[in-house]
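Colleague: Got a minute to go through this one with me? I'd like to talk charges first, then a few other spots.

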Amino acid sequence: MIDQERVREMTKLAAYEQREGKKYKMVNRYYRGDFAARHLLKGFLCGTAAFGIFLLLWGVCHMEELMENLDSMDLIAFGTAILVRYLFFLAAYLIAVDVYANIYYAAGRKSMKRHYRRLKRLGRLYEEQENRRTPTGH
């Protein structure tokens, strides 16, 4: 005979594994610090690439002005100004990435705890059914 409560739990577990389980799979593999560090490393690489693309686009848009003033321009001050902007951009971006990674990790852990509670409940339902089937004592 089919136990309706057990079927409901298994359905919820399967639905979780199809949706949120895939989403939070990485959270279960890493500690919080490792998870955040991994995101910060990816953020550093992506942020550097994004700043480079923005700088390239800015240079293309202002190419004529740059070429006209290249001889009279203080290149060290210009390079320093770009470096300072890069560092500010990268710091702000990495702070945002760190906040996002920690919030995502906390939500994933909370979701995984709910999933494990459901798994334990399903295990108890199986045990209760086994206890009902076997005769008492042996």
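**Salt bridges and patches**

Modeller: Let's start with Glu-9, which is buried, at just 3% relative accessibility. Keep in mind that this is a predicted model.

Colleague: Which residue does Glu-9 form a salt bridge with at 2.6 Å?

Modeller: That's Arg-121, with 2.6 Å between the closest N and O atoms. Glu-9 sits in helix 1 and Arg-121 in helix 6, so this pair links distant parts of the chain, 112 residues apart.

Colleague: And what does Arg-118 pair with?

Modeller: Arg-118 forms a salt bridge with Glu-9, and there the closest N and O atoms are 3.8 Å apart. Again distant parts of the chain are linked: Arg-118 belongs to helix 6 and Glu-9 to helix 1, with their positions 109 residues apart.

Colleague: Is Arg-118 buried or partly exposed?

Modeller: Partly exposed, with a relative accessible area of 34%. Arg-121 also comes out as partly exposed, at 34%.

Colleague: How many salt bridges are there in total?

Modeller: The count comes to 3 salt bridges. Besides the two we've covered, the side chains of Glu-5 and Arg-121 meet in one, at 2.4 Å from N to O. Glu-5 is in helix 1 and Arg-121 in helix 6, so that pair ties together parts that are 116 residues apart in sequence.

Colleague: Why do you call Glu-5 partly exposed?

Modeller: Because its relative accessibility is 30%, and partly exposed covers the range between under 20% (buried) and over 50% (exposed).

Colleague: Which residues end up in the salt-bridge network?

Modeller: Glu-5, Glu-9, Arg-118 and Arg-121 are linked together in it. As a general point, side chains of opposite charge can pair when their charged atoms come close.

Colleague: OK, switching to the surface. Where does the positive charge gather?

Modeller: There's a surface patch of positive charge made of Arg-32, Arg-109, Lys-110, Lys-113, Arg-114 and Arg-117.

Colleague: Which helix gives the most to that patch?

Modeller: Helix 6, residues 75-133, with 5 residues. Arg-109 is found in that helix, and so is Arg-114.

Colleague: How accessible are Arg-109 and Arg-114?

Modeller: Arg-109 is partly exposed, with a relative accessible area of 33%. Arg-114 is partly exposed too, and its value is 40%.

Colleague: How far apart are Arg-114 and Tyr-31 in space?

Modeller: The C-alpha to C-alpha distance is 18 Å, and the two are 83 residues apart in sequence.

Colleague: Let's go back to helix 1 for a second. Is Arg-6 buried or exposed?

Modeller: Arg-6 is buried, with a relative accessible area of 12%. You'll find Arg-6 in helix 1, which spans residues 4-18.

Colleague: What does Arg-6 touch, once you skip residues up to four places away in sequence?

Modeller: Leu-122, Leu-125, Tyr-126 and Gln-129.

Colleague: New topic. Which residues form the nonpolar patch on the surface?

Modeller: Met-63, Met-67, Leu-70 and Leu-75, and together they have about 390 Å² of accessible area.

Colleague: Where is the place of Leu-70?

Modeller: Leu-70 falls in the loop between helix 5 (63-69) and helix 6. Its relative accessible area is 41%, so Leu-70 counts as partly exposed.

Colleague: Last one: Ala-36. Where does that residue sit?

Modeller: In helix 4, residues 32-61. Ala-36 counts as buried because its relative accessibility is 8%, below the 20% limit for that label.

Colleague: What is Ala-36 in contact with, leaving aside neighbours within four places?

Modeller: Asp-98, Ala-101 and Asn-102. Also in that part of the chain, the C-alpha atoms of Ala-36 and Val-99 are separated by 8.8 Å, with the two residues 63 apart along the chain.

Colleague: Great, that covers what I wanted. Thanks!

Terms used: Residues numbered from 1 in each chain as written. Predicted model: local features only at pLDDT ≥ 70, side-chain atom pairs only at ≥ 80, totals over all residues. Heavy atoms only, no water. Patch = residues over 30% accessible without salt bridge, like charges linked within 9 Å, V, L, I, M, F, W, Y side chains within 5 Å. Areas by Shrake-Rupley, 256 points an atom, 1.4 Å probe, with all protein chains shown as cover. Salt bridge = Lys/Arg side-chain N within 4 Å of Asp/Glu carboxyl O. Lys, Arg positive; Asp, Glu negative; His and termini not counted. Charge placed at Lys NZ, Arg CZ, Asp CG, Glu CD. Helix = DSSP H or I, 4+ residues; strand = E, 2+ residues; numbered from the N terminus. Buried < 20%, exposed > 50% of the residue type's maximum accessible area, 1.4 Å probe, protein only. Contact = heavy atoms within 4.5 Å.
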